[in-house]
Amino acid sequence: MITQEPFSHKQLGGRTVIVLHAHPDDEAIFTGVTVRRLADAGARVVMITATNGDLGEAYVPLAVGESIAQRRTAELERAAEILGVARLIQLGRRDSGLPGWDDNRHPNALIAGDVQVLGRQVADIAIAENAEAVVHYDRQGIYGHPDHVAVHRIGRAAARFAGVTAYESTVDREHLHLADGRKHLIYAASHATAVRFGHASVEITLAVAGTERDLRAKQAAIAAHSSQVPGDALDEASFGDSYGLEWYVRDGAPGLLDELGNAHVFA
C-alpha cells in the first residue's frame with residue numbers, strides 16, 4: 001500500500017522547476033507523475049530535452065517524408081501538454097546512441113558536448129526563470145545510456161552554477177522487484193546497456209506518488225510516444241505497480257519536490 005503525505009492544492013503557485021531529460025519519452029516514463037503534480041499545484045515546469053532522439057527505432061510507420069526526429073518532437077509536445085509543462089526547450093544535440101555505437105563519436109552527439117558549456121546554458125535558463133531546482137538523472141544515468149549519463153553531468157553542473165537544489169531522477173530497483181514491476185520499460189533499457197539500473201531503497205531520498213488521475217496522465221503521456229513504446233508495454237493491470245512511484249536522490253537542501261510529500265510503502 002502506498003500512502004502520501006497531505007498536500008494543499010495550488011500551494012506552489014509562482015514557483016519554478018527545471019526538468020532536464022535526454023530524449024523524448026524520458027519525461028513521461030521517469031517524471032510524469034511528478035511533473036503533473038507540480039503543474040496542478042501551481043508550479044511552473046520548464047522542461048528541457050537535450051536531444052531529439054533521432055536514433056530511436058520506430059514501432060509504427062512514419063508519414064511520407066517524416067523523419068523519426070520530427071515524429072518524436074511532435075510526440076514530446078503532446079506529452080508535455082498532457083503533463084502541464086509551461087515551457088518546452090530543446091537543446092538540439094544529436095542522440096549519441098547506445099554504448100559502443102559509432103554515433104558516440106558524432107561531433108554533435110550529446111556526449112561530445114562540453115559539460116560546462118551545456119551546464120551553463122541550462123543554468124542560464126534556470127536563472128532567467130528564477131527556478132528553485134533542477135531535476136536531472138542519477139550518476140549512472142538511471143540505466144547507463146551515454147546520453148543519460150551526460151544529462152546527469154550537465155544537470156549537476158547547471159544546479160551548481162545556478163546555486164539551486166538538484167533532484168536526481170532514479171528508479172528503486174528493490175521496490176520494482178517486490179512490486180513485481182517487471183512491465184516497467186527500465187528492464188529492456190537496462191538490458192540494452194548491460195548496466196544495472198537505479199538504486200537500492202536505502203539510497204533514495206524521496207519517492208513521489210500521485211492520485212489515480214495523475215497516473216492516468218502519466219500513462220497517456222507515455223502512450224503519446226507511440227513511435228517508441230510498444231502497444232503492449234502499458235498493461236492496465238500492472239501499470240500502478242510499475243509506474244506508481246517516481247524516485248529521487250536529492251543534492252542540496254530540501255526544496256520544491258520535497259513539498260509534494262514523501263510516499264511511504266507498506267507491505
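How many of the five residues of strand β5 (residues 133-137) are buried? Five of the five are, so β5 is largely enclosed by the rest of the structure. Please keep in mind, as you look through these close-up views, that the model is a predicted one.

**View 1. Strand β5 pairs with β2 and with β6.** Start with β5 and look for its partners. One of them is strand β2 (residues 16-21), which pairs with β5 in the parallel sense over three bridges. To find this pairing by eye, look for Val19, which stands opposite Val135 in β5. Another partner is strand β6 (residues 165-170), and here the parallel pairing with β5 runs over five bridges. A handy landmark for this pairing is Tyr137, whose bridge partner in β6 is Ser169. To get from β5 to β6, the chain passes through helix α4, making a β-α-β crossover that is right-handed. While you are here, remember a rule for strands: side chains in a regular strand alternate between the two faces of the sheet.

**View 2. Helix α4 links β5 to β6.** Helix α4 covers residues 146-162, which makes 17 residues. From its first C-alpha to its last, α4 reaches 24 Å, close to the 24 Å expected at 1.5 Å a residue. Is α4 largely enclosed or largely open? Of its 17 residues, 13 are buried, so α4 is largely enclosed by the rest of the structure. Just after the helix comes Gly163, which has a positive phi, near 70°.

**View 3. Helix α2 lies on the path from β3 to β4.** Here is another pair of strands to trace. Strand β3 (residues 44-51) and strand β4 (residues 87-93) pair in the parallel sense, with five bridges between them. Thr51 is a good place to look, as its bridge partner in β4 is Arg93. Between these strands the chain runs through α2, and this β-α-β crossover is right-handed. Helix α2 spans residues 68-83, and Ala80 is one of its residues. Ala80 has a relative accessibility of 4%, below the 20% cut-off, so this residue counts as buried. Now compare its position with that of Gly155: the two lie 75 residues apart along the chain, and their C-alpha atoms are separated by 20 Å.

**View 4. The largest pocket has a volume of about 840 Å³.** This view turns to an open space in the model. Its lining has 30 residues, and the closest to the pocket centre are Asp25, Tyr59, Tyr143, Ala189 and Gln228. Which elements give two or more residues to the lining? They are α1 and α6 (186-193). Of the two, α6 gives the most to the lining, with five residues. Sorted by class, the pocket lining has 16 nonpolar, six polar and eight charged residues.

**View 5. Asp25 and Ala194 both have a positive phi.** Most residues other than glycine have a negative phi. Asp25 is not a glycine, yet its phi is positive, near 105°. You will find Asp25 in the loop between β2 and α1. Its relative accessible area is 11%, which is under 20%, so Asp25 is buried. Ala194 is not a glycine either, and its phi is positive too, at about 60°. This residue lies in the loop between α6 and β7 (206-209). Is Ala194 buried or exposed? With a relative accessible area of 71%, over the 50% cut-off, Ala194 is exposed.

**View 6. One cavity of 30 Å³ or more turns up in a search of the whole structure.** This cavity has a volume of about 40 Å³. Which residues line it? The lining is made up of Ile29, Phe30, Thr170, Val171, His184, Lys218, Leu245, Glu246 and Trp247. Both α1 (26-40) and β8 (245-251) supply at least two residues of this lining. The largest share, three residues, comes from β8. By class, five of the lining residues are nonpolar, two are polar and two are charged.

Technical notes:
Residues numbered from 1 in each chain as written. Predicted model: local features only at pLDDT ≥ 70, side-chain atom pairs only at ≥ 80, totals over all residues. Heavy atoms only, no water. Helix = DSSP H or I, 4+ residues; strand = E, 2+ residues; numbered from the N terminus. Expected span 1.5 Å × (residues − 1). Buried < 20%, exposed > 50% of the residue type's maximum accessible area, 1.4 Å probe, protein only. Pairing = 2+ DSSP bridges. Right-handed = clockwise from strand over helix to strand, strands pointing away. 1 Å grid on protein atoms, 1.4 Å probe; cavity = no way out; pocket = protein on both sides within 12 Å on 5 of 7 lines; lining within 4 Å. Points joined across faces, edges and corners; volume = space filled by probe spheres on them. Nonpolar A, V, L, I, M, F, W, Y, C, P; charged D, E, K, R; others polar.
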